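Got the model open in your viewer? Let's work through a few exercises on it, each with a solution you can follow step by step.

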Amino acid sequence: METNILFFGDPHYANSIGEKIRIPIENSKNTFFIFTHLSLYPLACREYDNVYFYLQPVNTIYSSIYEKYFLNGSPRYSKDMSKNGYSAGTITYEMLEMALYMGYSEIYLLGIDHTYKFEAHAKGIDGDPKQKPDNLLRWEKGYKNISNESQRRHIMIQNCTRGGMLEIFNRNTLEQVLSK
């Protein structure tokens, strides 16, 4: 099955699968990698015509300068991914930025559980499940930015994930979407 768009945001994972990286690239119409990490990706990534690199300002979330890339305490949103993309610390944010940039009018999310697998995080902070780790809070701020931008532009984003904790986007089921 061919995939329309494939994103890789983790060069360490891409390197860990080595030459196997060719399989998803060859089965995708368009594959995107973060340009900032170009030297960390396997050379095989650069051999295809369907591979594109997008710029992400260096250390947008992991350094002391990352506040520069936030607006009103929330991750910035890129209106032009041909120039650069921003991050909220999750590749899903960048994928949504790209989908909005590419002009999709309907976006369906699958498999976005928005949780930590680690038991300590699943229980919340100090045993309070309403207290979320900083990563989840940053992701939610980013998702709210994307949600606001999509609503402003009349773009529908629906979360079709079974379960999960991402409640920023309207819910739907995959079965209902496919029955249209």
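First, the vocabulary: a residue is buried under 20% relative accessible area, exposed over 50% and partly exposed in between, using a 1.4 Å probe and protein chains only. This is a predicted model, where local features need pLDDT of at least 70, side-chain atom pairs count only at pLDDT 80 or more, and totals for chains, interfaces and linings use all residues. Residues are numbered from 1 along each chain as its sequence is written, and side-chain values use heavy atoms, with hydrogens and water left out.

**Exercise 1.** Work out which residues E149 forms salt bridges with, and classify each residue's exposure.

*Solution.*
- Step 1: set the rule. A salt bridge is a side-chain nitrogen of Lys or Arg within 4 Å of a carboxyl oxygen of Asp or Glu.
- Step 2: check R152. The closest N and O atoms of E149 and R152 are 2.7 Å apart, which makes a salt bridge.
- Step 3: check R153. Its side chain meets that of E149 in a salt bridge at 3.8 Å, N to O.
- Step 4: look at the spacing. E149 and R152 sit three residues apart in helix α5 (residues 134–152), so about one helical turn separates them. Helices here are DSSP runs (H or I, at least four residues), strands are too (E, at least two), and both are numbered from the N terminus.
- Step 5: classify. E149 is buried, because its relative accessibility is 10%. R152 is exposed at 53%, and R153 is partly exposed at 31%.

**Exercise 2.** Find the salt bridge between E167 and R171, then place it in the overall count.

*Solution.*
- Step 1: take the distance. The closest N and O atoms of E167 and R171 are 2.8 Å apart.
- Step 2: classify the ends. E167 is exposed, with 52% relative accessible area, while R171 is partly exposed at 32%.
- Step 3: add the network. E19, R22 and E47 are linked by salt bridges.
- Step 4: read the total. The rule gives six salt bridges.

**Exercise 3.** Decide whether α3 is largely enclosed or open, and describe what follows it.

*Solution.*
- Step 1: list the buried residues. In α3 these are T92, Y93, E94, L96, E97, M98, A99 and L100.
- Step 2: conclude. Eight of the eleven residues of α3 are buried, so the rest of the structure largely encloses it.
- Step 3: move on along the chain. Just after α3, G103 takes a positive phi of about 90°.
- Step 4: reach the loop. Y104 lies between α3 (91–101) and β6 (106–109), and counts as partly exposed because its relative accessibility is 34%.
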